[in-house]
Amino acid sequence: MSRPTQTAVSRRELLARLFPDGIPSLWCPLITHYDRDGGIDAPRMAAHLEHLSPHVKGFLIPGSTGDGWELNDHENRLLLDVALAQVARLKLHLLIGVLRTDAEEASRVIAGSADWLGSRANIDKIDGRLIGSPVSGFTVCPPRGKELSQETIGEALASILRRGLPTALYQLPQITLNEMHPELVGALARQFPNFILFKDTSGADHVALSGQKLENVVLVRGAEGDYIRWLKAAKGPYDGFLLSTANCFGRQFHQVIEDLGARRVKAAQEMSERLTACINEVFGIVTGLPDGNPFANANKAMDHFFAWGPKAAAASPPRLHAGSFLPGDVIRGAGEALSRHGLMPDKGYLE
């Protein structure tokens, strides 16, 4: 067996400092909740995080599910102010999503966020701004463009990784119109010890299935459905999940992971099948809505019931970033799907 490279050793040491109690196996790209006037709804965000915190220990804020491609700098800062207070209180981990269509803009946002984090904590050294704080790193996607070469994508991501801050790379071809090839991800892993996590929402799983040696990079799957066969506990290629639907099913996904670890495969399979059926149904219901994205819309529809329980029908529907509200037929359809698959909560976390 070959000895680990210095990059692999440095990455392992960095991960140990960032996650002294272990790397979460379940992450959630939290929904962004808005009040009736379109502002960030801080009490609702806090209640949602507290509800999920016993089962979900890592959060990506903002991710695609949290309108990360739509929020402006001011909205991002307000959202992170709320999130930082809560994840520190609840002893959770936070990856800050920097979802921008080009690397130069992403670098600008990361630099500004790092300065802001340092000023909040009154820390001068850049290396100290993340270690010991609830922030575990920044998450970036490749630049947007179907025609971009792997060389261009690689240089763009390398320009961000050269900052030295802990960084997660996010495979999201639904938005970026391209994919990082396994060879590129492997090359970045060999070069940059601060490349700590790779998330793949493509559903193709090319990187995880390639056999490419990633030298202690944490692999998390973001695609929905057929959950148990993807985890290393079931001889799959992933260390964990980073799932939009953990906004609603954090307890259930946590149980699936626990069951797999304890070799209760039948129980894990049964829950995986129920979750897959319900989630596919609700994603079908939100297809074609003019505002928002399917990740946000489906989870807002289901979270409406987890928040309000039996009172959901009488509660105001969730607001989207565009200013519209989820239609009543979408809410009703989501509720019917939850009931049909035995996933409707008895009580809401806002009750």
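Visitor: Why is Cys-141 not counted in a disulfide?

Guide: In this predicted model, the closest cysteine sulfur to that of Cys-141 is in Cys-28, at 17 Å. A disulfide needs the two sulfur atoms within 2.5 Å, so Cys-141 is too far for a bond.

Visitor: What makes Cys-141 buried or exposed?

Guide: The relative accessible area of Cys-141 is 6%. Buried means under 20%, so Cys-141 is buried.

Visitor: How do you know that Cys-28 is not bonded to Cys-248?

Guide: Cys-248 holds the closest cysteine sulfur to that of Cys-28, but the distance is 8.2 Å. With the limit at 2.5 Å, that is too far for a bond. Cys-28 also counts as buried, at 0% relative accessibility. The count of disulfides by this rule is zero.

Visitor: What makes H9 and H11 a contacting pair?

Guide: The axes of H9 (residues 246-261) and H11 (residues 294-308) come within 9 Å and cross at roughly 60°. H9 contributes Asn-247, Cys-248 and Phe-249 to the contact, and H11 contributes Asn-299, Met-302, Asp-303 and Phe-306. By class, these residues are four nonpolar, two polar and one charged.

Visitor: How do you know that the span of H12 is close to the expected one?

Guide: H12 (residues 328-340) has 13 residues and reaches 18 Å from first C-alpha to last, and 18 Å is expected at 1.5 Å a residue.

Visitor: Which elements do the buried residues of H12 pack against?

Guide: They pack against H9, H10 (265-286) and H11. Among the buried residues of H12 are Val-330, Ile-331, Ala-334 and Leu-338. After H12 comes Gly-342, with a positive phi near 70°.

Definitions and conventions:
Residues numbered from 1 in each chain as written. Predicted model: local features only at pLDDT ≥ 70, side-chain atom pairs only at ≥ 80, totals over all residues. Heavy atoms only, no water. Axes fitted to C-alpha atoms, helices over the stretch in contact; angles between N-to-C directions. Helix = DSSP H or I, 4+ residues; strand = E, 2+ residues; numbered from the N terminus. Contact = heavy atoms within 4.5 Å. Nonpolar A, V, L, I, M, F, W, Y, C, P; charged D, E, K, R; others polar. Buried < 20%, exposed > 50% of the residue type's maximum accessible area, 1.4 Å probe, protein only. Expected span 1.5 Å × (residues − 1).
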